[in-house]
Structure formats: structure tokens, C-alpha cells
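Student: I'd like a close look at one helix and what it packs against. Could you walk me through it?

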Amino acid sequence: MAIDSDLELMLRVRSGDAESFEILLNRYRLPLVGYFARMVRDRALAEDLAQEVFLRVYQARSRYQPEARFTTWLYRIATNLALNALRDRKGGGAASLDEDPDGVLRMARIADTSPTAEQELMLSDRARLIRAAVETLPEKQRAAVILHKYQGVDYHQIAGILEVSESAVKSLLFRAYENLRERLEPLLEGGKL
Amino acid sequence: MKSQSGCIEREQLLAYSNHMLEPREEERVRVHLETCGKCRETVAGYEKLSEVLDEWKPVEPSPWFDARARARIASRAPARPVFSLPGVRWVALVACAVLIALSGFWALRARNHVQRPAARQEAAAKAPAFSHSHPSTVAAASGSETSSVAQQRAVNQELDLYKNLPVLENYEMLANFDVLSELPQPRGDSND
């Protein structure tokens, strides 16, 4: 059975087909929750925002114009919501790698190579260190990296989502990856935490 | 694009490691990397960074995510109006047209019912009044009212008016009216 494209499904949703909307919901719930969880850290908020995206897509179904790719439109809504959520809670204490609140960076520098269960725990710490490094990025760099690295969105689409030029995306991603390379140096050098 | 040292710029190397270059540009970088250890090292650093970033795994939506999403949409999205359904729309239009036609018909019919008794009452009211003031024309009025009878009635009414003119009874008042005194006097009266 041929898989319906997002565009076909959305056009059917526009004409009132609830089943097509269900397919889109199933197709994009995991990517959207994952995107928001990385953007805002809070899982409950991530789910809430992902539901809000679906609601907005449903409410705007009659105005949907298939000019851009569906995912560009979807992630544009999602990115605006995520950036607004971040701004709303700004000053509320997003984790900063400079402050190293969990001491993960310090632990990374003194880590040994012993395997065992402790390594599993360390793996979790590595993930926390990566998350903290991404969270130190300016909002747009963060969104660009998460879209590119974790959501598999290409430069052209990121430009459409962030409403900037493609060369601006290239530059944004370059600065973001350079920042991450610098901040995650202990992980890159040692290979193990 | 190459830097002053002859190496490819880091931004290009990052795009190369992300497979984001056009085929021609990608081939050019690949050829350069064969002979440049420094650029190879840079690309390897980006690839290592990408591997490290992969360690941050995504979270799964909770089991109740779908149900909550549906409930949220159901509670906030307005229900589809019944009249937007294709079949119902035509039925509703036809029903509206029939209703308008029926209400127009009933309105006309009700108006006729009201007008007929009113006309009868008006005719009944006119007949006695006419016979009271003009007994000679009662016979004519009781039958079909011809144009000569109508003319006669008009003449009689005019005569009645002249007979009852109150101004003629106040001749003295009019004679002393200033404006009238300024009018040229009749010849017989001018003895001066």
C-alpha cells in the first residue's frame, strides 16, 4: 500500500477527513515531542506544546496552502511555540554549562575508563552534559542544531522554518557546532567520560 | 572556498561532514582532503562531535499523549456546522425557500381577511351619513352610485358651506379691518 504524502493527507484534512489527521498525528507525535523535549527540557511542557501544534494545525486546516513542505509549516509552528515558551520562562533558571550545576563537566574531566554499571551511569551523565551544552546556545542556534542534528531537517528547510536565508542557516549552524565542539571538548578528547 | 593557508574553510568542512554540499563542491573537498591532513582532522572532529551528540536520546511521548491531543482538539476546535455537510446544505436551502413562500402566502391571505370586513364596515358607515344630510338622494345612494349623483352631492356640499360661512356674519369687523380701509373707496362715497 502506498504511503500517503504529508501534502495529500493535509489536503484531505482540509476537506474534513479526520482519518488523515490521525495519520499525521501518529506520524509526527514522536518527532514533535522529541523536538520540544530538547528545546525546553521539561517533558510535560514538551507534550503540552506538541499537542498545541496539532491543535493549531487542525484549526488552520482550511487555510492550509500547499506552497511549502508540510514539515516546514509544522516545525515553524513548533519553533515559534518553543521560542515563546523559552522567553516566557527566561530568568527562571535554564541550566548553564558555565555554572555546571550538576558538576557533570567536572566529572567528565576526572573520568576514568572503568567499564561496569558505573559506565551506564556515566552514559547518562554524558547525555546530561550534551543537553547542558546545547542549552547554552542562543535560541536560534539551539533551534537550528536540534532541527538539523536530531530532526534531520536540511539547510533549505531550516531556512524556511526560521525565516532566514540559507546562507544565514549555514553560518548559524557553523557557530553552533563550533560552540558545541568547544564546550564538549572533554567528551571529544577522552572518548569516554 | 579556500582560506589563505590553502585549506578549505571550516564552514565548508562542516557542511561536507553534514553531507550538505552540492555534488561538485563535495567532490572538490574530497579531493582536497586526500592531501590535507589538517582539514581531514577538522572533518574528523565534526564527525566525532556528531557521534557524541547522538548520545542524547529522544524522549518517547507518554502513553496518554494521543488521547490528550484528541481531547484537546475536540474541546477547542469548534464542531463542524451541520449545514456545512454537502447533502444537508441543499436540503436546508430548499426548506428555506419553501418556508419563505409559505409565509408570504399566509401573510397575503391574512391581509385579505382583514381588508374585506373593513371595506364592508366603511360602506355601511357612509350610507346613513349621506342619507341624513341629503334625503333627496337616498334613493340614488342606495342603488349603484352613478357619476351624476356624485356630482350632485358635491354641489350640495358646496352650497351648504356657503350657507354656513361665519365670515359673512362678521361684516362689520371686516369693514373696520385696516388693510381694507386703505383700499380705494367706491366713487359714490367720495364727497371731498
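Tutor: Here is a tour of helix α2 of chain A, its partners, and how far to trust the model.

This is a predicted model, where local features need pLDDT of at least 70, side-chain atom pairs count only at pLDDT 80 or more, and totals for chains, interfaces and linings use all residues. Residues are numbered from 1 along each chain as its sequence is written, while chains are lettered from A and ligands numbered from 1 in the order in which they are written.

Helix α2 of chain A covers residues 18–40; helices here are DSSP runs (H or I, at least four residues; strands are E, at least two), numbered from the N terminus. Two packed helices are described by the angle between their axes and the distance between the axes. The axes of α2(A) and helix α7 (residues 139–150) of chain A come within 10 Å and cross at roughly 145 degrees. For these values, axes are lines fitted to C-alpha atoms, for helices over the stretch in contact, and angles run from 0 to 180 degrees between N-to-C directions.

At that meeting, G34(A), Y35(A), R38(A) and M39(A) from α2(A) face R142(A), A143(A), I146(A) and Y150(A) from α7(A); contact means C-beta atoms, placed from the backbone, within 7 Å. By type, the residues there are five nonpolar, one polar and two charged. (Ala, Val, Leu, Ile, Met, Phe, Trp, Tyr, Cys and Pro count as nonpolar, Asp, Glu, Lys and Arg as charged, and the others, Gly among them, as polar.)

Now for Y28(A), which also sits in α2(A). Y28(A) counts as buried because 21 other C-beta atoms lie within 10 Å; the cut-offs are 20 or more for buried, 12 or fewer for exposed, and partly exposed in between, with C-beta atoms placed from the backbone. Its C-alpha atom is 9.1 Å from that of F54(A), 26 residues apart along the chain.

Then there's the largest nonpolar core (buried Ala, Val, Leu, Ile, Met, Phe, Trp, Tyr and Cys residues joined through C-beta atoms within 7 Å). Of its 62 residues, F36(A), V53(A), A78(A) and A144(A) touch the most other members, and α2(A) gives the most to this core, eleven residues. Leaving aside residues up to four places away in sequence, F36(A) touches A46(A), L49(A), A50(A), A78(A) and A82(A).

As for trust, chain A has a mean pLDDT of 83, with 79% of its residues at 70 or more; pLDDT is the predictor's confidence in each residue, from 0 to 100. Among the elements of chain A, α7(A) has the highest mean, 96, and helix α5 (residues 104–109) the lowest, 40. Where pLDDT is low, the predicted coordinates should not be read in detail.

How values were computed:
Two residues are in contact if their C-beta atoms, placed from the backbone, lie within 7 Å.
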